[in-house]
Amino acid sequence: MKWAMRLRVALYLAQALDHCSSRGRALYHDLNAYRILFDQEGNPRLSSYGLMKNSRDGKSYSTNLAFTPPEYLRTGNTVLTDKVLELMYNGNCLHLPMAGRVIPESVVYSFGTLLLDLLSGKHIPPTHALDLIRGKNFLMLMDSCLEGHFSNNDGTELVRLASRCLQYEPRERPNVKSLVTALTPIQKETEVPSHVLMGIPHGTLSLKRKILTPLGEACSRMDLTAIHEMLEKNGYKDDEGIANELSFQMWTDQIQETLNSKKRGDTAFRAKEFETAIECYTHFIGGMMVSPTVFARRCLCYMLFDMPQEALGDAMQAQVISPEWPTAFYLQAAALFSLGMDKDALETLKDGTDLEARKHS
């Protein structure tokens, strides 16, 4: 993605969050790169507003520790053991229930991690990024393909904004409105259409049909019975490499109960007792372990109960955990079709098919 388009994404997100906050206390929870979709003209859009939470509700949330706002860890009731920390930094897939509430400053912190993604082209843990910035090695953060495409002043300003957003103390972070103010003058190609900045000829975003895998085809037809059969047959083989129960040497009663809930969920899923499966998988997801396959299975269960927004959230969570897993994209497409977002669904099917092709090439 070109530098100008990355700036456009950053400004759009800041404006979207500012619009959100200006309408009351509704906050966007779990902001990350996988929430960003692009419309038929290539313009960025923020998805999964079903994940917006209210800071007064007092609920706990499950989040990725390596990218979690520090105040979640300070106000949460979770004790981080050495084994948990080891899993967090090695697998980067560990999710824990946090008692910290979503506040505006937490959303700004998440926006800072997104700025890092746009600057570097990869997912860099904030603590590592701040160490580089403090050591004046911030050019190491920049995506090498952007070299020569931005001025030092613009690059320095983006790094400065990211650093401010990622401050340890919430009160030291900027508010969203000031982010919009800071990002607006950096825009240099405001009149150029997004599809031009992305290098996509106009009209090609109306996707040409590609040959789909059986799962992709089933998702495109919304054949939920066929999807169930394929997910059941595939089992958990695609969870390889994800931090899981094999990473622990000793079990606590809580962890063992979490694993048992997954087994009960699998039994219910196999028996097509989908309400029970949702209940069991939800208990598993709320524990210390996480699995893209569990999210995929609960996603299908939600679709069977005509809950497409919840299904989309689960499919996107599966993608966060396993970014190059075609199944996550296919299930997102099925949920998007259910929501009447056919163009987005077709694009997502294409992404899944491209990943599948690379996987087998």
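Of the 361 residues in the protein chain, 53% count as buried. The model behind this figure is a predicted one, and the values below should be read with that in mind. As for secondary structure, the protein chain has 16 helices and six strands. Its exposed surface comes to about 17,600 Å², with carbon and sulfur atoms supplying 53% of that area.

How do the contacts spread along the sequence? Taking contacts in the protein chain between residues at least 6 apart in sequence, 69% turn out to join residues at least 24 apart.

Next come the charged pairs. A search of the whole structure turns up 11 salt bridges. One of these pairs aspartate 18 with lysine 177, whose closest N and O atoms sit 3.4 Å apart. Aspartate 18 belongs to helix H1 (residues 3–22) and lysine 177 to helix H7 (residues 176–183), so this pair ties together parts that are 159 residues apart in sequence. Are the two partners buried or exposed? Aspartate 18 has a relative accessibility of 15% and counts as buried, because the cut-off for buried is under 20%. Lysine 177, on the other hand, has a relative accessible area of 52% and is exposed, the cut-off here being over 50%.

Another salt bridge is formed by arginine 221 and aspartate 223, with 3.0 Å between the closest N and O atoms. Here arginine 221 is partly exposed, at a relative accessible area of 48%. Aspartate 223 is partly exposed too, with a value of 26%.

A further pair brings in arginine 297 and glutamate 232, whose side chains meet in a salt bridge at 3.8 Å, N to O. What does this pair link? It links distant parts of the chain: arginine 297 is in helix H13 (residues 292–304) and glutamate 232 is in helix H10 (residues 224–234), 65 residues apart. Arginine 297 counts as buried, with just 3% relative accessibility. Glutamate 232, at 22%, counts as partly exposed, since buried would call for a value under 20%. Which residues join these two in a network? Salt bridges with shared partners bring Asp266 and Arg270 together with Glu232 and Arg297 in one network.

Back to the helices for a moment: the aspartate 18 pair connects H1 with H7, while the arginine 297 pair connects H13 with H10. In each of these two pairs, one partner counts as buried, namely aspartate 18 and arginine 297.

Key
Residues are numbered from 1 along each chain as its sequence is written. This is a predicted model: local features need pLDDT of at least 70, side-chain atom pairs count only at pLDDT 80 or more; totals for chains, interfaces and linings use all residues. Side-chain values use heavy atoms; hydrogens and water are left out. Helices (H or I, at least four residues) and strands (E, at least two) are DSSP runs, numbered from the N terminus. Buried means under 20% relative accessible area, exposed over 50%, partly exposed in between (1.4 Å probe, protein chains only). Contact means heavy atoms within 4.5 Å. Accessible areas come from the Shrake-Rupley method with a 1.4 Å probe; for residues, only the protein chains shown count as cover. A salt bridge is a side-chain nitrogen of Lys or Arg within 4 Å of a carboxyl oxygen of Asp or Glu.
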